[in-house]
Amino acid sequence: MNEIKNASKVYSSSSVVADVTWFYACLAEEVPDNGGVCVKYQDRQIALFHFTRRNEWYATQNECPHRQQMALSRGMIGTQGEEPKVACPFHKKTFSLKTGECLTGDECAIKTYPVKVEEGKVFIGIINNETTVK
Ligand code: FES
């Protein structure tokens, strides 16, 4: 796994500027349309989604917090209103792909990561000081 060490700036949804390390995840063509793949970064499993219908990319933790299954990359993606979401294949709990919030009324949430695509290559951002950014 190639890691890009040039930390760049990114704005999170809470408008806090944070240092981000972008790592190369895979080629864009390796991710199925309207589906996901699991990529590894150090000891993390990250679910990467190409929401082709909306022309958007998302990344979240791969582990479903309900029963700690490494499964979200195999979940169905869709929308709830305008909110893009993924449904865990095990018990169908759904999570916002933007915020990680659980949309089925549970207290559990998942971690989300920024994604960028450059020249057909997908990069996922790891926030270096995660305690300051939601
Ligand atoms: S393990 Fe994902 S919903 Fe139960």
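**Notebook: strand 5 and its surroundings**

I began with strand 5 and strand 11 (residues 112-113), and found two bridges joining them, with the strands running antiparallel. I looked for one pair in particular: T60 has T112 in strand 11 as its bridge partner. A reminder to myself is that this is a predicted model.

**Entry: the other partner.** Next I turned to strand 4 (residues 44-51), which is antiparallel to strand 5 and joined to it by six bridges. Across this pairing, I saw A59 of strand 5 standing opposite L48. I then followed the chain through the hairpin that links the two strands, where four residues lie between them. One of the residues I checked there was N55, which takes a positive phi near 55 degrees. For background, I noted that strands of a sheet pair through backbone hydrogen bonds, either parallel or antiparallel.

**Entry: how enclosed is it?** Is strand 5 largely enclosed or open? I found five of its six residues (56-61) buried, so the rest of the structure largely encloses this strand.

**Entry: around A59.** Which residues does A59 touch, apart from neighbours within four places in sequence? My list reads I46, A47, L48, T112, Y113, V115 and I124. I recognised T112 from the strand 11 pairing, as the bridge partner of T60.

**Entry: the core.** I looked up the largest nonpolar core and found 28 residues in it. A59 is among those with the most contacts inside this core, along with A25, I46, L48, F49 and I124. Strand 2 (17-27), strand 4, strand 5 and strand 13 (121-127) are the elements that give two or more residues to the core. Strand 4 gives the most, with five residues. This fits a handy rule for my notes: in soluble globular proteins, nonpolar side chains tend to be buried together.

**Entry: a sheet elsewhere.** I also traced an open sheet of three strands, in the order 8-9-10 with antiparallel pairing. Strand 8 (76-80) and strand 10 (94-96) are at the edges, each pairing on one side only. From one strand to the next, I read an average twist of 35 degrees. Five bridges join strand 8 to strand 9 (residues 83-87), and here I found M76 with A87 as its bridge partner in strand 9.

**Entry: confidence.** Last, I checked how far to trust the picture. The mean pLDDT of the protein chain is 87, with 84% of its residues at 70 or more. Over residues 1-15, though, pLDDT stays under 50, and the model has 31 contacts beyond four places in sequence for that stretch. I put a friendly question mark beside those residues.

Methods
Residues numbered from 1 in each chain as written. Predicted model: local features only at pLDDT ≥ 70, side-chain atom pairs only at ≥ 80, totals over all residues. Buried ≥ 20, exposed ≤ 12 C-beta atoms within 10 Å, placed from the backbone. Pairing = 2+ DSSP bridges. Core = buried A, V, L, I, M, F, W, Y, C linked by C-beta atoms within 7 Å. Contact = placed C-beta atoms within 7 Å. Axes fitted to C-alpha atoms, helices over the stretch in contact; angles between N-to-C directions. pLDDT = per-residue confidence, 0-100.
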